[in-house]
Every structure is written in structure tokens, then in C-alpha cells.
Amino acid sequence: MPLGRREFLKAAGWIAAGGAASACSPLHAEWARQAQTGPSWPVPTSSAFGVLQRLTFGPTIEEREHASSMGLEAWLEDQLAPGSIADPVADRLLRALDSLSLQAADLAAWDRQDVIAELRRSTLLRQIYSRRQLFEVMVEFWTDHFNIFIDKGDTWFLKPIDDRDVIRAHALGNFRDLLWASAHSPAMLVYLDNQANVKDAPNENYARELMELHTLGVDGGYNQLDVMELSRCLTGWTVRDHLWKGEFIFRSETHDDGWKEVLGLQVQPAGRLEAEDLIEMLATHPSTAEHLARKLVRRFIREDLEGQGETVSRVARVFLETRGDIASTLRALLLDSGRPLPTAPKFKRPLNFVVSSLRMLGAQTDAGPGLQQHLAAMGQLPFAWVTPDGPSDEAGPWKGGLMPRWQFAMDLTAGKIKGTRLPLDDWLEVVGPRTSSEMIDGMGMILLGDVPDSNTKAALEAVASDAAWPGRVPEVVAGMLASPDFQWR
């Protein structure tokens with residue numbers, strides 16, 4: 001008989017927040033320590049598996065074998081040229097989503113929820129099934145960097161265009177082109193209120209985030225006067241309605257045509273060119289290079305940046321030397337003397353936790369409402385982040401929401417997520433276990449890159465037991481997904 005929900009959680013000892021777990025459970029004790037002391041789980045980050053964890057949404061067995069056969073440096077170069085990678089599975093799944101190829105005016109005639117649902121489905125399907133994994137990782141990075149909340153105003157039909165023509169078009173291209181496209185993106189202008197930025201009543205929202213979040217950084221050398229003056233340069237940048245609904249337009253009649261001064265530069269009246277010249281300058285400003293280098297190091301190498309000053313400087317220097325070439329910047333970040341840089345442990349954000357579970361277990365999913373409901377419960381449904389700073393890249397904000405992760409793990413392995421199925425029987429054939437211990441070790445190699453540590457294994461064996469383990473494979477796999485080991489990458 002399968003374990004019930006309470007019995008599973010009690011045996012594994014993972015209801016730390018509710019206090020229902022046994023205090024003597026090894027995993028309960030370890031997780032309680034982690035909650036108090038911060039992200040210091042000793043995962044093997046120097047291995048190829050650890051590097052692939054950071055450069056994909058969870059390396060599949062096939063990807064691990066491919067990277068091993070060609071070498072990590074060659075694999076990275078391959079991933080930096082995504083156009084040369086055939087992607088038949090993702091392409092086939094995306095063909096069913098009609099909204100992805102439409103323009104804003106066409107999407108505006110659709111049902112609002114259908115448009116949002118298809119954009120979320122397409123994002124998840126790409127992350128789960130695409131072979132262009134580094135590209136998708138960078139799409140996520142830039143989506144966070146240029147965050148847009150999809151439920152504000154007309155962004156529901158504008159963000160799909162931004163996703164296609166701004167983020168995806170330039171994710172591994174040139175930062176100047178990416179910034180330029182974002183600045184002219186109707187979704188961004190609406191989200192940050194620049195469509196309401198007119199002479200005599202300037203709105204500073206977009207100008208502030210353009211400097212604070214998108215380019216210079218909060219300590220990048222600008223002040224409030226610079227924000228006010230840049231917002232004057234951006235007056236008249238707005239979005240069409242009616243016949244060309246959802247297209248960018250510059251309206252000279254609402255533009256402030258006076259002289260301005262931004263970052264010590266005198267800006268003479270030049271209409272639309274005023275802001276465009278400043279965007280060109282911001283794109284390759286030394287403070288922008290430093291800001292982006294720090295964010296990239298935090299995302300790919302180490303959250304707290306301890307001991308990373310030399311890496312940040314090298315990445316910023318290459319960014320400036322190549323005038324914002326993203327692929328070259330990533331090479332400087334990820335390769336040191338031809339070898340991948342060592343990475344420190346990073347706590348998985350909810351989206352990475354869910355997608356890595358699905359990828360590494362070979363799930364079949366439509367990425368529909370059943371899956372999206374779990375992401376919403378964890379707090380990271382795509383395009384649902386309200387504030388312009390985007391979902392946090394640090395562990396702290398995510399470590400308190402563990403119960404929804406455990407519920408997802410249980411529902412996933414029990415086949416309770418509508419539209420999603422796991423081939424657990426196929427994995428048993430691959431692992432070929434004779435005992436529960438062998439099964440746990442085999443699944444550990446698949447999900448953790450190594451056999452589980454003694455604490456995790458002891459808790460999982462308590463769930464399985466040799467007498468009952470063939471019928472409790474779902475509970476054991478759920479336990480491994482919920483274990484502290486799997487929360488890190």
C-alpha cells in the first residue's frame with residue numbers, strides 16, 4: 001500500500017515550518033540548520049555535473065554524455081551558437097501555439113487569458129525541451145533584467161512581442177541592440193508608464209529604471225537630477241492605438257524640446273534623437289559594464305561575490321572591449337584558461353526547481369495550468385513579478401517557501417499534475433535495481449549527479465524499505481526531489 005501524504009512527510013521529516021516532523025530525522029535537522037545558517041550545502045560544484053547545472057535548466061543524461069564526449073569547452077562553444085543546434089522537439093511543441101507569431105494588434109483581439117497562458121506555456125516548454133539550453137538560460141537572465149509584469153494594462157498583449165523581438169532576438173547578441181530594442185518596446189513603455197510621460201507632466205518611472213536597473217546600477221554615478229532630465233528626453237515616447245495598435249511611436253507634440261543635462265552632458269533639442277543618443281552612451285558606459293558583470297557573476301558563479309573581484313573586472317573589461325558582445329562576455333565569465341570556472345552552490349529558485357525536476361526525470365508535459373498552478377504557489381510564475389527588479393537571484397527570499405516544493409514533488413511523482421506524466425517505470429529499467437538501496441543510488445546519479453549522502457539515503461530508505469520498495473518508487477523519488485540535496489545547483 002502506498003504511503004499517505006502525512007506518513008511520507010513524517011518519515012522523511014520535512015515539515016519544518018509546521019512542526020509536524022520528527023525532530024530526530026536527519027533531513028529535518030539538516031534542513032533546520034540550513035534555514036538558520038544560509039546556503040552552504042556542500043554540493044560537488046567542481047564537477048562537470050555542477051557546471052552543467054548552472055548552464056542548463058537541469059542537465060539530462062543525454063546532455064551529460066554529450067558534454068563529456070566533446071568536452072565542456074566545446075560544449076559551451078556549441079551552446080553559444082544556438083542557431084546551429086537542431087531543436088526538433090521544442091519546435092514541434094511550439095507549432096501548436098498560434099499566438100507566438102502574431103503582432104500586437106492581432107493579439108489584442110484574443111482572449112486575455114489565452115494570450116498569457118500561451119506565452120507561459122511556450123516559455124516553460126522551451127526551458128524543459130529545448131536543446132539550446134544556454135540560450136534559454138540567458139533568455140531567463142534578460143527577462144529578469146528587463147522585467148515586465150504581464151498583468152499591467154496592455155502588457156498582456158504587448159509582452160509576447162517583447163519576448164520574441166527584444167529578449168529572444170538579442171539574448172546572445174549585443175547588449176546595445178538589446179537595450180535599444182527594450183527602450184523602444186511598447187511593453188516596456190507601458191509597464192513603466194512612459195506612455196504617460198509628456199511635457200509639462202513628466203513621468204520618471206522608465207528613466208529611473210533605465211539607469212538604476214537596466215544600465216548603470218544603483219551606484220552607477222547618476223543622481224535624481226539625471227533621472228528627471230532623462231525623463232524629459234523620453235517625453236513623447238509612447239505607443240500607438242487604433243489602426244497600428246501596440247506599435248512604438250514618437251509624438252513630437254508631447255515632447256519637451258528644451259535643453260537638458262544628463263550625466264554632465266549637455267543635450268540640445270533633437271526630438272527622438274535626444275534619448276536615443278543617451279541610450280547609445282548608457283549601453284557601453286563603464287558603470288553599465290560593471291553592473292552587468294556583477295549580475296552575471298552572481299547568476300553563474302557565486303551569489304555573494306566573495307573573492308570574485310578579478311572575475312568581475314575581467315568580464316566588465318571584455319564587455320567594454322567588445323562593445324557589449326554578450327557571447328564574448330560569457331566566454332570571459334565562464335572560461336578561465338580554457339577551463340570552466342568553479343561555481344559555488346546556488347539555491348534553486350522555484351522555476352529552476354520545477355523545470356530541473358521535469359527535465360532530469362524525462363517528464364512529458366503540456367506546461368499548462370496544472371504545472372503553472374504549482375509555480376504560482378511557489379511564487380515564480382513566469383511574467384508575474386510585479387516590481388521592475390525581477391525575481392530575486394539570492395537564496396533568502398525563496399528559502400521560506402518549501403512546502404509548495406514538497407507538494408509539487410509528491411503530485412508530480414503520483415501523477416496528479418494534469419497534463420504531466422513521469423516515466424518512472426522506464427527509469428527503473430535503466431537503473432536496474434535489485435534492492436531499495438540500489439534504486440536510491442541509481443536515482444541519485446540521475447537527479448543529484450552522485451549517490452545521495454548518508455543522511456538523505458537513510459531517510460529515503462526509511463520510506464522505501466526492501467519489503468515494500470517496488471511499490472514506493474514514487475514516494476522515494478518525491479523524497480529525493482524534496483531533499484536538501486536537490487534544492488541546490
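Me: What makes the second largest space, of about 50 Å³, a cavity?
Reply: The second largest cavity has a volume of about 50 Å³, a volume being the space filled by probe spheres set on grid points joined across faces, edges and corners. It is called a cavity because, on a 1 Å grid over the protein atoms alone, a 1.4 Å probe fits at its points but cannot get out. This is a predicted model, in which local features need pLDDT of at least 70 and side-chain atom pairs count only at pLDDT 80 or more, while totals for linings use all residues. Residues are numbered from 1 along each chain, and side-chain values use heavy atoms, without hydrogens and water.

Me: Which residues line the second largest cavity, and how are they classed?
Reply: Lining residues have an atom within 4 Å of a point; among them are R54, E140, R299 and R489. The lining has two nonpolar, two polar and four charged residues, where Asp, Glu, Lys and Arg count as charged.

Me: How is the lining of the largest cavity divided by class?
Reply: The largest cavity, of about 70 Å³, has nine nonpolar, one polar and no charged lining residues. W142, L292, I326 and L330 are among those that line it.

Me: What is W142 in contact with, beyond its neighbours within four places in sequence?
Reply: Contact means heavy atoms within 4.5 Å, and the partners of W142 include I167, F175, L292 and I326.

Notes
On a 1 Å grid over the protein atoms alone, a cavity is a set of points where a 1.4 Å probe fits but cannot get out, and a pocket is an open set with protein on both sides within 12 Å along at least five of seven lines; lining residues have an atom within 4 Å of a point.
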